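Colleague: Could you take a close look at the strand pairing for me? Please set it in the context of the whole chain, and then tell me about the parts around it.

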Amino acid sequence: MYVLRSTSRPSRYYTGLTSDLGRRLAAHIRGESKHTSTGRPWRVVVKVEFSDPSGAVDFEKYLKSGSGRTFAGHHL
């Protein structure tokens, strides 16, 4: 699970899941994702590894919720 921050639009964040962050970040930077192509370039601000994939999915869903966005704004 990772959180990216746009360096061209610093108030913009993106949260995602991957098993290969280097490859996924490169794809975001190249503009291969419609969700992040307009915020390039991106940098990783949070990387969390989970031993259980379902934990990563649950935490990503939480961060995308209203209370999760508030949490991220204060702590990440």
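Modeller: Happy to. Two residues are in contact when they have heavy atoms within 4.5 Å of each other. Please keep in mind that this is a predicted model. Among contacts in the chain with a separation of 6 or more, 50% are made by residues 24 or more positions apart. The secondary structure comes to 3 helices and 3 strands, arranged along the sequence as β-β-α-β-α-α. For the 76 residues of the chain, the radius of gyration is 12 Å, close to the 11 Å of the globule rule, so the chain is as compact as a globular protein of that length. Along the principal axes, the C-alpha trace spans about 30 × 25 × 20 Å, and 28% of the 76 residues count as buried.

Now to the part you asked about. The 3 strands form an open sheet in the order β2-β1-β3, with antiparallel pairing. The edges belong to β2 and β3, each with a single partner strand, so one side of each has no neighbour in the sheet. On average, neighbouring strands are turned by 25° against each other, direction ignored. As general background, the strands of a sheet pair through backbone hydrogen bonds, in either a parallel or an antiparallel way.

Let me follow β1 in detail. This strand covers residues 2–6 and is mostly covered, with 4 of its 5 residues buried. In this setting, buried means a relative accessible area under 20%. Towards β2, which covers residues 13–16, β1 makes 4 bridges, and the two strands run antiparallel. β1 and β2 also form a hairpin, with 6 residues between them. Towards β3, residues 42–47, there are 5 bridges, again with an antiparallel run.

The individual bridge partners show how this register works out. Tyrosine 2 has glycine 16 as its bridge partner in β2, and in β3 its bridge partner is lysine 47. Moving along β1, valine 3 is matched with threonine 15 in β2, while leucine 4 is matched with valine 44 in β3.

What lies across this sheet? Helix α1, residues 21–30, lies across β1, β2 and β3 and runs at about 145° to β3. The loop between α1 and β3 deserves a stop, with serine 33 found there. Serine 33 has a relative accessibility of 6% and therefore counts as buried. Leaving out residues up to four places away in sequence, serine 33 touches Arg24, Ala27 and His28. Arg24, Ala27 and His28 fall within the 21–30 range of α1, so you can look for these partners of the loop serine on that helix.

Proline 41 lies in this loop between α1 and β3 too. The peptide bond joining arginine 40 and proline 41 is cis, with omega at about -5°. In general, most peptide bonds are trans.

Beyond β3 the chain continues with the other two helices, in the pattern β-β-α-β-α-α. Proline 53 is found in helix α2, and with a relative accessible area of 60% this proline is exposed, the cut-off for that label being over 50%. Proline 53 also makes a handy distance check: serine 19 is 34 residues away in sequence, yet the C-alpha to C-alpha distance is 9.6 Å.

Finally, how do the last two helices meet? α2 (residues 53–63) packs against α3 (residues 66–75) at an angle of about 90°, with the axes 6 Å apart. Angles of 65 to 115 degrees count as roughly perpendicular, and α2 and α3 are therefore roughly perpendicular to each other. On the α2 side, the contact is made by Phe59, Tyr62 and Leu63, and on the α3 side by Ser67, Gly68, Arg69, Phe71 and Ala72. Sorted by type, the residues of this contact are 5 nonpolar, 2 polar and 1 charged.

How values were computed: Residues numbered from 1 in each chain as written. Predicted model: local features only at pLDDT ≥ 70, side-chain atom pairs only at ≥ 80, totals over all residues. Heavy atoms only, no water. Buried < 20%, exposed > 50% of the residue type's maximum accessible area, 1.4 Å probe, protein only. Pairing = 2+ DSSP bridges. Axes fitted to C-alpha atoms, helices over the stretch in contact; angles between N-to-C directions. Parallel < 35°, antiparallel > 145°, perpendicular 65-115°, else oblique. Nonpolar A, V, L, I, M, F, W, Y, C, P; charged D, E, K, R; others polar. Rg over C-alpha atoms; globule rule 2.2 N^0.38 Å.
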